[in-house]
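Load the model in your viewer and keep the selection panel at hand. We will go from stop to stop, selecting a few residues at each.

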Amino acid sequence: MRFLAVGECMVEMSHAGEGLWRQGFAGDTLNTAWYMRAGLPADWAVEYFTVVGTDPLSEAMLGFMQGAGIGTGRIARHPDRAPGLYMISLENGERSFTYWRDNSAARTLAADPTRLGQALAGAAMIYVSGITMAVLEGEGRAVMLDQLGRARAAGSRVVFDPNLRPRLWRDAASMCAAIEATAALADIVLPSHDDEARHFGDASPEATARRYAALGAGEVLVKNGGGPMALALEGQAPEALPTLPAVTPVDTTGAGDSFNAGYLAARLAGSEPQAAARRGHELASRVVQHYGALMPMEKARG
């Protein structure tokens, strides 16, 4: 059994004191793979697919993933490009980012349809995000959609977090069209209501759930920044889920990514969606009380 996350892992720089920065590696889909490795039993393989360079940072990135038990055997190399980089700024626990990613190797991850298809083939669950789709160059989005459709037809379950980031897109119309095209190929969609309300005009989490269910997703769980979530299952009207205990964050980086992992790991273990949502919330609540996107693996398993 294989869980495969697809996207861009970047070099992360976070504050480590006055004038000091700490280097790490992170990215929305890699964050979810990290917490899936913490939450899934050993008989599940957790793998990552992207493109990296041949530079020392790329080597260190691969070593970091391997050290966490995340498979890197399908990751491709680009001879002339390197990973992207971002820096985190924090104010009252909320983060903002500055990026250097325009020429990152990961932007070419769908440049070779055969290579991409081979990476996806046979995965029990494939996880992609709106950022995965946003960074692709040229015909990459069309290639990704085609290969996701092929993998799903062959039996893989596709999970999609829209993770709307307007700065990565040419314009809002392009972003919304690509998000809905990807969601139409997904079995499970995990959107965040605040983003969806801003860009799609959804009046409530239930409206967000209803819209994605209408696109064809059989399971939609709408995150809501600690507020009441909404769940839509195939053939059923969306339902509001109870508000779960709130925590005071020190760093919200990775909150949604870790929630997704907690939810998906619980679902794969046989939990009902409502119980899985509680598991996702519990994990995310611990992650936001830790600096950086990735809580140490031993703590994530707690």
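Start by selecting β3 (20–26), which gives the most to the lining of the second largest pocket, with 4 residues. Strands here are DSSP runs of E with at least two residues, and helices are runs of H or I with at least four, numbered from the N terminus. This is a predicted model, where local features need pLDDT of at least 70 and side-chain atom pairs count only at pLDDT 80 or more, while totals for chains, interfaces and linings use all residues. Residues are numbered from 1 along each chain as its sequence is written, and side-chain values use heavy atoms, leaving out hydrogens and water.

Now add β2 (10–17), which also supplies at least two lining residues. The full lining is Glu12, Ser14, Arg22, Gln23, Gly24, Phe25, His290, Tyr291, Gly292, Ala293 and Leu294. A pocket is an open set of points on a 1 Å grid over the protein atoms alone, with protein on both sides within 12 Å along at least five of seven lines; a cavity is a set where a 1.4 Å probe fits but cannot get out, and lining residues have an atom within 4 Å of a point. This pocket has a volume of about 160 Å³, taken as the space filled by probe spheres set on points joined across faces, edges and corners.

Next, select Arg95, Arg165, Thr252, Ala255 and Gly256. Of the 49 residues lining the largest pocket, these are the closest to its centre. The space there is about 1,300 Å³. Colour α1 (28–39), β8 (94–100), α7 (193–200), α9 (255–268) and α10 (273–287) as well: each supplies at least two lining residues.

What did the search for enclosed space find? There is 1 cavity of 30 Å³ or more, holding about 40 Å³. Among its lining residues are Glu8, Cys9, Met61, Pro83 and Ser104.

For the interior, pick Phe3, one of the residues with the most contacts inside the largest nonpolar core, which has 54 residues. Such a core joins buried (under 20% relative accessible area, 1.4 Å probe, protein chains only) Ala, Val, Leu, Ile, Met, Phe, Trp, Tyr and Cys residues through side-chain atoms within 4.5 Å. Beyond four places in sequence, Phe3 touches (heavy atoms within 4.5 Å) residues including Trp44, Met125, Tyr127 and Leu264.

Finish with the open sheet of 8 strands, ordered β4-β1-β9-β10-β11-β12-β13-β14 with mixed pairing; strands pair if DSSP finds at least two bridges between them. Its edges are β4 (45–49) and β14 (239–240).

Note on methods. Buried < 20%, exposed > 50% of the residue type's maximum accessible area, 1.4 Å probe, protein only.
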